[in-house]
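Me: I would like a close look at one part of this protein. Please take me through the aromatic rings and the core, step by step.

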Amino acid sequence: MSAASKASKESRPGKSPEESFSEVERAAVKDRAAELKAEARRSKSANKAAADEKDVLAKIAEMAQPDRAVAERLHAIVAEAAPELAPKLWYGQPAYARGGKVVCFFRSGQVDKERYSSFGFTAEATLDEDHGMWATSFAVTELGEKGEAAIRKLLKKAVRS
């Protein structure tokens, strides 16, 4: 072992990586690694977009209710309100990207062992407010008319140039 790698191992405070992350977090990291490998294989494929959407739909189909119903509805809303966003998996969950960069995503509360699911936006989304503060993630337990309208409005704002 080189002196540099030995020093690096010795300088790690506290816990090992296995102890630092929860089981859910480790699973998400493994999912992301698998997604990156799949993306690399598909990057040359003419059917990359179709394969990515198929993966997202398969992931949604695996979800238990009520998350599946919410994810299916969100998928349809994103396709209608922001057709320029392409579905893809991101940390094992449905996400929607522009130019390969994720703009918004859905996180299943059941998968994350949380009491609610969430729909969020990354820094790629142009949600900036003049007053310097804005929400980037929203708890979702069901989608009614008001919720759908709010998401459509946010999506249109998120993808504007």
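To begin with, does Tyr-91 count as buried, exposed or partly exposed?

Reply: This is a predicted model. Tyr-91 has 34% relative accessibility, so Tyr-91 counts as partly exposed. The range for that label runs from 20% to 50%. Trp-90 falls in that range too, with a relative accessibility of 23%.

Now the rings. The count of aromatic pairs comes to 3. One of them joins Trp-90 and Tyr-91. Their ring centres lie 5.3 Å apart, and their planes meet at 70°. An angle over 60 degrees counts as edge-to-face, so this pair is edge-to-face. Phe-119 and Phe-121 also make an edge-to-face pair. Here the centres are 5.3 Å apart and the planes are at 85°. Phe-119 and Phe-121 are both buried. Trp-90 and Tyr-91 also belong to a cluster, linked with Phe-105 through ring pairs.

Next, the core. Phe-119 and Phe-121 are among the residues with the most contacts inside the largest nonpolar core. Others in that group are Leu-85, Cys-104, Phe-106 and Leu-155. The core has 25 residues. Helices H4 (48-62), H5 (67-81) and H6 (145-159) each supply at least two of them. Strands S3 (101-107) and S4 (117-121) do likewise. H5 gives the most, with 6 residues.

Finally, look at Cys-104. Set aside its neighbours within four places in sequence. Cys-104 is then in contact with Phe-119, Gly-120 and Phe-121. Its other contacts are Leu-85, Ala-95, Tyr-96 and Leu-155. In general, nonpolar side chains tend to be buried together in soluble globular proteins.

Note on methods. Residues are numbered from 1 along each chain as its sequence is written. This is a predicted model: local features need pLDDT of at least 70, side-chain atom pairs count only at pLDDT 80 or more; totals for chains, interfaces and linings use all residues. Side-chain values use heavy atoms; hydrogens and water are left out. A nonpolar core is a set of buried Ala, Val, Leu, Ile, Met, Phe, Trp, Tyr and Cys residues joined through side-chain atoms within 4.5 Å. Buried means under 20% relative accessible area, exposed over 50%, partly exposed in between (1.4 Å probe, protein chains only). Helices (H or I, at least four residues) and strands (E, at least two) are DSSP runs, numbered from the N terminus. Contact means heavy atoms within 4.5 Å. Rings of Phe, Tyr and Trp (its six-membered ring) pair if their centres lie within 6.5 Å; planes under 30 degrees apart count as stacked, over 60 as edge-to-face and the rest as tilted.
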